[in-house]
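This briefing is intended for a reader who is meeting the structure for the first time. Please look through the sequence and the model before turning to the points below.

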Amino acid sequence: MKFGVLQFPGSCDEVDALGAARRVGDAELIWHGERDLRGADAIVVPGGFSYGDYLRAGAIARFSPAMESVIAFAADGGLVLGICNGFQVLCEARLLPGALLGNANLRFTSRQVDLEVVEPETPFTSACAPGELLSIPAKHSSGRYYADAPTLVAMAERGQVVLRYAAGENFNGSVEDIAGVRNEAGNVFGLMPHPEHAVDELIGGSADGLGIFQSMRLALEGARA
Amino acid sequence: MRARVLIRPKAGILDPQGTAVERALPALGFAGVGNVHIGRLVELDVEDPSQLEPMCEKLLANPLVEDYEVQRLDGSG
């Protein structure tokens with residue numbers, strides 16, 4: 001299987017995403033100006049500061065030619081993972097519910113966080129155990145997840161909250177401790193922390209992020225079998 | 001025509017920037033300040049003012065979390 005990793009002007013985590021994806025399959029970069037997703041079986045929208053985060057984080061990137069193709073890919077059921085700025089882009093593109101606002105603490109914050117796997121039976125978490133805690137780094141200034149009350153009720157009914165910050169870990173003020181959400185169809189997933197930075201215990205202190213990429217591979221293999 | 005778009009966080013959504021400024025003002029001796037909110041201001045020349053509304057909906061504001069107000073500035077631009 002092959003991952004396509006988008007690259008915008010201002011992306012900075014695309015190479016780590018590429019490296020993480022290559023631990024479970026093939027992967028290649030896709031420049032934001034390209035419409036051709038190069039036959040990728042799954043798409044990663046990486047972290048960084050696409051288009052300088054001007055206006056709002058992710059607001060400009062969502063209109064790029066590559067994102068137009070990703071929106072069509074997602075509509076066809078393709079797996080799309082958005083990490084940090086990629087999560088912001090997917091929310092701005094309305095592929096995911098809600099929005100990401102400035103951290104409640106008004107600071108860019110970089111720290112390791114524990115995440116609770118709320119939904120272990122998704123194409124992005126099937127390699128994780130129910131209730132498992134993932135230790136993954138987070139680094140952002142606009143990661144406060146927000147959705148209005150009716151949206152939160154609907155998301156809870158549909159199992160769209162995939163990851164929550166564990167007790168005491170919600171440093172950005174996200175509503176209901178939400179760290180990662182999926183769309184109604186279940187094929188698009190976004191999270192603020194960075195699983196691609198936690199794929200090797202030697203340099204990351206944790207390899208818990210690898211499960212996200214392994215799960216995507218398992219989902220694709222299952223779909224083919 | 002010249003237009004100005006005022007964008008502000010929707011009521012009820014935590015506005016930490018506003019809160020920080022609200023707390024800073026009394027420290028500088030400005031008493032009696034409350035309900036501070038911080039938004040964005042976009043000024044632009046536009047040939048077709050009917051495009052302002054869709055521009056706000058699609059790009060300038062995020063209607064999920066922000067309210068916007070379009071002001072048409074006559075006699076300039």
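The points that follow are grouped by topic, from the interface to individual residues.

The structure is a predicted model. Chain A and chain B bury about 1,300 Å² between them, and a single salt bridge is counted across that boundary. Over all chains, the structure holds 18 salt bridges, and its largest nonpolar core has 68 residues.

**The interface between chain A and chain B**

- On the side of chain A, 16 residues are in contact with chain B, which contributes 15 residues of its own.
- Carbon and sulfur atoms give 66% of the buried area of about 1,300 Å².
- Within chain A, the residues that lose the most area to chain B are Leu55(A), Arg56(A) and Leu106(A), which together make up 38% of what that side buries.
- Five residue pairs are in polar contact across the interface, with both residues at pLDDT 80 or more.
- Two strands of chain A, β5 (99-101) and β8 (144-146), each supply at least two residues of the side that touches chain B.
- By character, the residues on that side of chain A are eight nonpolar, three polar and five charged.

**The salt bridge between the chains**

- Arg56(A) and Glu66(B) meet through their side chains in a salt bridge, at 3.9 Å from N to O.
- This pair crosses from strand β3 (residues 66-73) of chain B, where Glu66(B) lies, to the loop between β3 and α2 of chain A, where Arg56(A) lies.
- Glu66(B) counts as buried because its relative accessibility is 12%.
- Arg56(A) is likewise classed as buried, with a relative accessible area of 11%.

**Salt bridges within chain A**

- Lys139(A) and Asp13(A) form a salt bridge in which the closest N and O atoms are 3.0 Å apart.
- Lys139(A) belongs to strand β7 (residues 133-140) and Asp13(A) to the loop between β1 (2-7) and α1 (14-22), so this pair ties together parts of chain A that are 126 residues apart in sequence.
- The partners differ in accessibility: Lys139(A) is partly exposed at 23%, whereas Asp13(A) is buried at 5%.
- Glu68(A) forms a salt bridge with Arg35(A), and their closest N and O atoms are 2.7 Å apart.
- That pair links distant parts of the chain, with Glu68(A) in helix α2 and Arg35(A) in the loop between β2 (26-31) and β3, 33 residues apart.
- Glu68(A) has a relative accessible area of 42% and is therefore partly exposed, while Arg35(A), at 51%, is exposed.
- A network of salt bridges that share partners joins Lys2(A), Glu28(A), Glu34(A) and Arg38(A).

**Nonpolar cores**

- In the largest nonpolar core, the residues with the most contacts inside it are Phe3(A), Ile43(A), Met67(A), Leu81(A) and Phe213(A).
- Beyond its neighbours within four places in sequence, Phe3(A) is in contact with residues that include Ala21(A), Val24(A), Ala42(A), Phe213(A) and Met216(A).
- A second, separate core has eleven residues, among them Val42(B), Val46(B), Ala61(B) and Tyr68(B).

**Residues with a positive phi**

- Asp53(A) is not a glycine, yet its phi is positive, at about 60°.
- Asp53(A) is placed in the loop between β3 (42-45) and α2 (65-75) of chain A, and its relative accessibility of 21% makes it partly exposed.
- Asn35(B), also a residue other than glycine, has a positive phi near 55°.
- The position of Asn35(B) is in the loop between α1 (16-27) and β2 (40-45) of chain B, and this residue is exposed at 64% relative accessibility.

**A buried and an exposed residue of chain A**

- Asn172(A) is located in the loop between β9 (161-165) and β10 (178-182) of chain A, and it counts as buried at 0% relative accessibility.
- The side chains of Asn172(A) and Tyr165(A) are joined by a polar contact of 3.1 Å.
- Not counting residues up to four places away in sequence, Asn172(A) touches Asn103(A), Ala104(A), His140(A), Gly143(A), Arg144(A) and Tyr165(A).
- Glu201(A) lies in helix α5 (residues 201-204) of chain A and is exposed, with 59% relative accessibility.
- Apart from neighbours within four places in sequence, Glu201(A) is in contact with Ser206(A) and Ala207(A).

Note on methods. Residues numbered from 1 in each chain as written. Chains lettered and ligands numbered in written order. Predicted model: local features only at pLDDT ≥ 70, side-chain atom pairs only at ≥ 80, totals over all residues. Heavy atoms only, no water. Contact = heavy atoms within 4.5 Å. Buried area = accessible area lost by both parts, 1.4 Å probe. Salt bridge = Lys/Arg side-chain N within 4 Å of Asp/Glu carboxyl O. Polar contact = N/O pair within 3.5 Å; in protein donor to acceptor, adjacent residues only side chain to side chain. Helix = DSSP H or I, 4+ residues; strand = E, 2+ residues; numbered from the N terminus. Nonpolar A, V, L, I, M, F, W, Y, C, P; charged D, E, K, R; others polar. Core = buried A, V, L, I, M, F, W, Y, C linked by side-chain atoms within 4.5 Å. Buried < 20%, exposed > 50% of the residue type's maximum accessible area, 1.4 Å probe, protein only.
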